Every structure is written in structure tokens, then in C-alpha cells.
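Colleague: I am new to this structure and would like a careful look at a single part of it, with enough of the surroundings to place that part.

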Amino acid sequence: MLQANIEKALNKQIRIEAESSQIYLSMACWAEVQGLEGVAQFMFAQSDEERQHMLKLVKYVNERGSHANITELKAPKTKFGTFKEMFEELYQHELFVSNSINELVHITLGEKDYATHNFLQWYVAEQIEEEAQAKTILDKINLIGEDRGGLYLFDRDIQQLVVTSSVSLNAKP
């Protein structure tokens with residue numbers, strides 16, 4: 001059975017992952033309405049991935065003899081000024097999630113819960129990838145600048161990231 005403070009911290013992370021899924025789903029809807037089909041596909045896939053991250057935590061908490069709590073979620077933002085601003089928000093959100101995971105790892109070390117610490121290493125590695133991907137996308141967006149042709153190519157090319165993400169999502173950690 002998990003210690004109470006670790007269970008509480010894991011449940012907090014479950015909520016963060018669920019809210020991440022909702023945030024990316026909202027971004028996908030906004031992008032789709034803007035005619036950015038590739039960006040929308042990418043964001044729908046990100047939303048699904050975050051939900052999988054949440055479910056992995058839920059299963060872990062329950063399997064350890066504790067109780068995963070599913071709570072009310074904050075409604076995500078529904079409008080974004082530009083697709084660049086949206087991806088800047090995505091990057092900042094990934095930094096927030098990384099910080100939250102790091103805090104959780106810190107708690108497990110303090111409590112000498114090495115099983116949970118080991119379990120969380122997958123999330124640590126995942127966040128490194130998530131941050132790097134978001135930063136790479138922002139770098140590409142900055143290269144495009146105000147070039148509408150570049151936006152068209154970016155929207156088409158980001159679909160390749162969806163294919164890559166889907167393949168890596170199915171890999172066993």
C-alpha cells in the first residue's frame with residue numbers, strides 16, 4: 001500500500017495528466033476550426049497520449065492497494081491568438097508537467113518508496129521527450145516567421161510527428 005502523502009501526490013498527478021489531455025483536446029479543436037488539419041491531428045494525438053499517461057498512473061495507484069481519485073477538471077482555454085502562441089503555451093505546459101513529475105520523484109525519494117520512484121522514471125524520460133519535441137516545433141515556427149507558405153508546409157509536415165508519436169506510444173516502457 002502506498003503511503004498517504006505519495007497517494008495524494010500521485011492523485012494530483014493524475015489530475016494534471018487529465019487536464020493536459022483536455023488542454024490539448026481544446027487546442028486540437030481550435031486548430032481544426034482554423035483550418036490547420038495537421039496541427040489538429042497532432043494535438044488530438046497529444047490529447048490521447050496524455051490520457052494514456054493518466055490511465056497508467058490510475059492503474060499503478062490502484063494496483064498498489066490505494067485508490068485513484070478522479071476529480072473535477074478545470075475547463076481549458078478554448079481560443080488562442082495564433083498557432084505560435086498555442087505552441088508556446090504547449091511548451092510552457094510541458095515544463096509545468098516536468099516540474100510536477102520532478103516534485104513527485106523527490107517525494108518518493110524522501111519517503112524511500114523506491115518502487116514508485118522506479119515507476120516514475122518512465123515519466124521523467126517521457127517529459128524529456130515532450131519538452132524537446134515542443135522546443136523543436138517552436139524552433140520551426142520561428143523559422144517560418146510570417147510566411148504563409150511556410151505555415152502550409154509546417155501544417156502538412158507536423159502530421160509526420162503524429163505517425164512517430166503513435167508508433168512510440170505503442171512501445172512498452
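My request concerns Leu-109: does Leu-109 count as buried, partly exposed or exposed, and what is its relative accessibility?

Modeller: Please keep in mind that this is a predicted model. Leu-109 counts as partly exposed, because its relative accessibility is 41%, and partly exposed covers the range between the 20% under which a residue is buried and the 50% over which it is exposed. Leu-109 lies in helix 3, which takes in residues 83-110. Once the neighbours within four places in sequence are left aside, Leu-109 is in contact with Tyr-114 and His-117. The second of these, His-117, falls within the stretch of helix 4, residues 114-144, and Tyr-114 stands at the start of that stretch. As for distance, Leu-109 and Tyr-24 are separated by 85 residues in sequence and, from C-alpha to C-alpha, by 31 Å in space.

To place helix 3, it helps to turn to its partner, helix 1. The axes of helix 1 and helix 3 come within 11 Å and cross at roughly 170°, and the two helices are therefore roughly antiparallel to each other, since angles over 145 degrees count as such. Sorted by class, the residues of this contact comprise 16 nonpolar, 6 polar and 3 charged.

Two residues of helix 1 offer a contrast with the partly exposed Leu-109. Gln-13 is found in helix 1 and is buried, because its relative accessible area is 1%. Beyond residues up to four places away in sequence, Gln-13 touches Leu-57, Val-97, Ser-100, Ile-101 and Leu-104. Ser-26 also belongs to helix 1, which runs over residues 4-33, and Ser-26 counts as buried because its relative accessibility is 10%. With residues up to four places away again not counted, the residues that Ser-26 touches are Pro-76, Lys-77, Thr-78 and Phe-80.

A further pair of helices can be described in a similar way. Helix 2, made of residues 37-63, and helix 4 have axes that come within 12 Å and cross at roughly 170°, which makes helix 2 roughly antiparallel to helix 4. On the side of helix 2, the contact involves Phe-42, Gln-46, Glu-49, Glu-50, His-53, Lys-56, Leu-57 and Tyr-60, while helix 4 contributes residues including Phe-119, Trp-122, Tyr-123 and Ile-137. By class, the contact of helix 2 with helix 4 holds 8 nonpolar, 4 polar and 5 charged residues. Leu-57, which takes part in this contact, is also one of the residues that Gln-13 touches.

Finally, the whole chain gives these details their setting. The protein chain has 5 helices and 0 strands, and its pattern along the sequence reads α-α-α-α-α. Its radius of gyration is 17 Å, which agrees with the value near 16 Å for a compact globule of 173 residues, and its C-alpha trace spans about 55 × 30 × 25 Å along the principal axes. Of the 173 residues, 44% count as buried. Among contacts with a separation of 6 or more, 81% come from residues 24 or more positions apart. The chain exposes about 9700 Å², of which carbon and sulfur atoms supply 54%.

How values were computed. Residues are numbered from 1 along each chain as its sequence is written. This is a predicted model: local features need pLDDT of at least 70, side-chain atom pairs count only at pLDDT 80 or more; totals for chains, interfaces and linings use all residues. Side-chain values use heavy atoms; hydrogens and water are left out. Axes are lines fitted to C-alpha atoms, for helices over the stretch in contact, and angles run from 0 to 180 degrees between N-to-C directions. Helices (H or I, at least four residues) and strands (E, at least two) are DSSP runs, numbered from the N terminus. Angles under 35 degrees count as roughly parallel, over 145 as roughly antiparallel, 65 to 115 as roughly perpendicular and the rest as oblique. Contact means heavy atoms within 4.5 Å. Ala, Val, Leu, Ile, Met, Phe, Trp, Tyr, Cys and Pro count as nonpolar, Asp, Glu, Lys and Arg as charged, and the others, Gly among them, as polar. The radius of gyration is taken over C-alpha atoms; the globule rule is 2.2 Å times the number of residues to the power 0.38. Buried means under 20% relative accessible area, exposed over 50%, partly exposed in between (1.4 Å probe, protein chains only). Accessible areas come from the Shrake-Rupley method with a 1.4 Å probe; for residues, only the protein chains shown count as cover.
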